[in-house]
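Open the model in your viewer and set it to cartoon style. This tour tells you what to select next and what to look for there.

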Amino acid sequence: MEKVTIKALNSANLRMDNSVDTARVYDISCNVNIDSGNTVTSVDSGSVMKGGIEIATFSSGGADNLQIGYNSVKQEEQCAIINVVNEFISSVREKTAGNSLIDSINTL
């Protein structure tokens, strides 16, 4: 018999990645900070890997704030990386929005 339940999320730091995306070109992961309203407040320690090598790092402090650093990436590929990182962050925001996150935690 259960004796406790999680009622609310005050804040969380989650490690998220795109390993479930079978069509991915890059392996992307990051730490995501979430507030009590299930809103992403920041994205930290982001990593973009290709062929097992880290080719870029990133962080984001808000919806329109992205810092990205490249590790020996040709100029032609830099735009593709920016786009895929922005899409990834957008997917992170969608995944954490609403009450689904607390429902997922309650299955623990």
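Two strands count as paired if DSSP finds at least two bridges between them. Keep that in mind as you select serine 11 and aspartate 35. Serine 11 stands opposite aspartate 35 in S2. One caution before going on: this is a predicted model.

**The whole chain**

Show everything. The chain has two helices and five strands. Follow the elements from the N terminus: they run β-β-β-β-β-α-α. Now colour by burial. Of the 108 residues in the chain, 31% are buried. Next, think about contacts between residues at least 6 apart in sequence. Among these, 38% join residues at least 24 apart.

**The sheet**

Hide the helices. In what order do the five strands lie in the sheet? The order is S1-S2-S3-S4-S5, in an open sheet with antiparallel pairing. The edge strands are S1 and S5, and each of them pairs on one side only. Turn the sheet and look along it. From one strand to the next, the twist averages 10 degrees. Zoom in on any strand and show side chains. In a regular strand, side chains alternate between the two faces of the sheet.

**S1 and S2**

Select S1, residues 11-17, and S2, residues 27-35. The two strands run antiparallel and are joined by seven bridges. Now keep S2 alone. How many of its nine residues are buried? Seven are, so S2 is mostly covered, where buried means under 20% relative accessible area.

**S2 and S3**

Add S3, residues 40-50. S2 and S3 pair in the antiparallel sense over seven bridges. Select asparagine 31. Its bridge partner in S3 is aspartate 44. Then move to the turn. The hairpin of S2 and S3 has four residues between the strands, and asparagine 38 takes a positive phi near 60 degrees there.

Stay with S3 and select serine 45, which lies in this strand. Its phi is near 55 degrees, a positive value in a residue other than glycine. Why look twice at that sign? Because most residues other than glycine have a negative phi. Is serine 45 buried, partly exposed or exposed? At 49% relative accessibility, serine 45 counts as partly exposed, because that class runs between 20% and 50%.

**S3 and S4**

Add S4, residues 53-62. S3 and S4 pair in the antiparallel sense over six bridges. Select valine 48. Its bridge partner in S4 is alanine 56. Go on to the hairpin of S3 and S4, which has two residues between the strands. Glycine 51 takes a positive phi near 65 degrees in this hairpin.

Now select glycine 52, in the loop between S3 and S4. Glycine 52 is exposed, with a relative accessible area of 61%. Add tyrosine 26, which is 26 residues from glycine 52 along the chain. The C-alpha atoms of the two are separated by 9.5 Å.

**S4 and S5**

Add S5, residues 65-70. S4 and S5 pair in the antiparallel sense over five bridges. They form a hairpin with two residues between them. Select glycine 62 and asparagine 65: glycine 62 stands opposite asparagine 65 in S5. Then select threonine 57, which stands opposite glycine 69 in S5.

Follow the chain onward to serine 72, in the loop between S5 and H1. Serine 72 has a phi near 55 degrees, a positive value in a residue other than glycine. At 81% relative accessibility, serine 72 counts as exposed, because exposed means over 50%.

**H1 across the sheet**

Bring back H1, residues 75-96. Which strands does H1 lie across? H1 lies across S1, S2, S3, S4 and S5, and runs at about 50 degrees to S4.

**The largest pocket**

Switch to a surface view for the last stop. The largest pocket holds about 260 Å³ of space. It is lined by 13 residues, and the closest to its centre are Asp17, Asn18, Asp21, Phe88 and Ser91. Select those five. S1 and H1 are the elements that give two or more residues to the lining. H1 gives the most, with six residues. Colour the lining by class to finish: six residues are nonpolar, two are polar and five are charged.

Key
Residues are numbered from 1 along each chain as its sequence is written. This is a predicted model: local features need pLDDT of at least 70, side-chain atom pairs count only at pLDDT 80 or more; totals for chains, interfaces and linings use all residues. Side-chain values use heavy atoms; hydrogens and water are left out. On a 1 Å grid over the protein atoms alone, a cavity is a set of points where a 1.4 Å probe fits but cannot get out, and a pocket is an open set with protein on both sides within 12 Å along at least five of seven lines; lining residues have an atom within 4 Å of a point. Grid points are joined across faces, edges and corners, and a volume is the space filled by probe spheres set on the points. Ala, Val, Leu, Ile, Met, Phe, Trp, Tyr, Cys and Pro count as nonpolar, Asp, Glu, Lys and Arg as charged, and the others, Gly among them, as polar. Buried means under 20% relative accessible area, exposed over 50%, partly exposed in between (1.4 Å probe, protein chains only). Axes are lines fitted to C-alpha atoms, for helices over the stretch in contact, and angles run from 0 to 180 degrees between N-to-C directions. Contact means heavy atoms within 4.5 Å.
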